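Grab a pencil and work through these exercises with the model open beside you. Try each task on your own before you read its solution.

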Amino acid sequence: MVSDLLHHLDTHKSMGMDGIHPRVLRELEEVLTKPLSIIYQQSWLTREVPIDWTLANVMFIYKKGQKEDPGNYRLVSLTSVPRKVMEQIILSAITQHVQVNQVIRPSQHGFIKGRSCLTNLISFYDKETCLVDKGKAMDVVYLDFSKAFDTISHSIVLQKLAAHGLDGHTLHWVKNWLDGRAQRVVMNGVKFS
């Protein structure tokens with residue numbers, strides 16, 4: 001799995017805050033797979049997240065227009081590329097557990113591969129037109145859950161995953177990763193904590 005994730009790293013992405021570019025990891029895939037696998041397995045088994053993986057550099061990236069206008073920049077959070085690979089491994093484990101144990105209903109569209117707002121709208125429209133064709137009334141309530149993941153209590157998500165039988169190592173690794181996260185702003189090479 002580590003080999004496959006390294007092989008499919010996007011070499012057009014920025015290097016992480018540790019200065020390691022995805023291209024380096026991708027080109028050295030054969031050499032790095034074994035040591036990274038050991039690091040990932042030890043991190044998971046010990047439930048310890050390396051300190052470098054908890055830190056992110058927040059930088060301002062120029063988009064377009066006048067460079068003097070702060071509105072022409074967007075914030076990006078750069079993290080270590082090995083951390084991103086570990087996150088993919090953890091995500092895969094959680095996703096597999098959720099699918100095997102049928103934790104998510106078939107009507108769920110968000111955060112599921114192959115499903116999106118568009119598939120949700122198509123499903124909704126199909127059900128709506130069937131009811132209208134049958135002459136039945138229909139009430140619709142719209143809710144905006146934008147930025148929902150940014151505001152949800154991570155402890156509640158972890159409790160729910162535990163209640164659905166996700167293994168303790170993965171739960172504790174995610175909790176330690178969430179608890180240890182930190183950011184610092186970087187401007188013109190100067191780091192502000």
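**Exercise 1. Locate arginine 47, then say whether it is buried, partly exposed or exposed.**

Solution. Keep in mind that we're looking at a predicted model.
- Step 1: arginine 47 sits in the loop between α3 (29-46) and α4 (51-54).
- Step 2: check the backbone. Its phi is near 65°, a positive value in a residue other than glycine.
- Step 3: the relative accessible area of arginine 47 is 28%. Buried would mean under 20% and exposed over 50%, so arginine 47 is partly exposed.

**Exercise 2. Do the same for glutamine 102.**

Solution.
- Step 1: glutamine 102 belongs to the loop between α5 (81-100) and α6.
- Step 2: here too phi is positive in a residue other than glycine, with a value near 45°.
- Step 3: glutamine 102 has a relative accessible area of 69%. The cut-off for exposed is over 50%, so glutamine 102 counts as exposed.

**Exercise 3. Work out the strand order of the open sheet and find which strands stand at its edges.**

Solution.
- Step 1: start with β1 (residues 55-62) and β3 (residues 182-187), which run parallel and are joined by 5 bridges. In this pair, leucine 55 is opposite alanine 182 of β3.
- Step 2: now go to β1 and β2, an antiparallel pair with 6 bridges. Methionine 59 faces valine 76 in β2.
- Step 3: add β3 and β4 (residues 190-192), which pair in the antiparallel sense over 3 bridges.
- Step 4: string the pairs together and you get an open sheet of 4 strands, β2-β1-β3-β4, with mixed pairing. β2 (73-78) and β4 each have a single partner strand, so they stand at the edges, and one side of each has no neighbour in the sheet.
- Step 5: for the twist, neighbouring strands of this sheet are turned by 30° against each other on average, direction ignored.

A handy reminder: strands of a sheet pair through backbone hydrogen bonds, either parallel or antiparallel.

**Exercise 4. Follow the chain from β3 into β4 and describe the turn, then place methionine 187 on the surface.**

Solution.
- Step 1: β3 and β4 form a hairpin, with 2 residues between them. In the turn, asparagine 188 has a positive phi of about 50°.
- Step 2: methionine 187 lies in strand β3 and stands opposite valine 190 in β4.
- Step 3: the relative accessible area of methionine 187 is 42%, which makes it partly exposed.
- Step 4: Met187 and Val190 both help make a nonpolar surface patch of about 480 Å², together with Phe60, Leu75 and Phe192.

**Exercise 5. Which elements give two or more residues to the largest nonpolar core?**

Solution.
- Step 1: this core has 23 residues, and those touching the most other members are Leu6, Tyr40, Met86, Ile94, Trp173 and Val174.
- Step 2: the elements you want are α1 (2-7), α3, α5, α8 (154-163) and α9 (168-180).
- Step 3: α5 supplies the largest share, with 7 residues.

**Exercise 6. How far apart are aspartate 126 and glutamine 88, in sequence and in space?**

Solution.
- Step 1: find aspartate 126 in helix α6 (residues 117-133). Its relative accessibility is 46%, so it counts as partly exposed.
- Step 2: aspartate 126 and glutamine 88 are 38 residues apart in sequence. In space, the two are 34 Å apart, C-alpha to C-alpha.

How values were computed
Residues are numbered from 1 along each chain as its sequence is written. This is a predicted model: local features need pLDDT of at least 70, side-chain atom pairs count only at pLDDT 80 or more; totals for chains, interfaces and linings use all residues. Side-chain values use heavy atoms; hydrogens and water are left out. Two strands pair if DSSP finds at least two bridges between them. Patches are made of residues with over 30% relative accessible area and no salt bridge: like charges are joined within 9 Å, nonpolar side chains (Val, Leu, Ile, Met, Phe, Trp, Tyr) within 5 Å. Accessible areas come from the Shrake-Rupley method with a 1.4 Å probe; for residues, only the protein chains shown count as cover. A salt bridge is a side-chain nitrogen of Lys or Arg within 4 Å of a carboxyl oxygen of Asp or Glu. Buried means under 20% relative accessible area, exposed over 50%, partly exposed in between (1.4 Å probe, protein chains only). Axes are lines fitted to C-alpha atoms, for helices over the stretch in contact, and angles run from 0 to 180 degrees between N-to-C directions. A nonpolar core is a set of buried Ala, Val, Leu, Ile, Met, Phe, Trp, Tyr and Cys residues joined through side-chain atoms within 4.5 Å.
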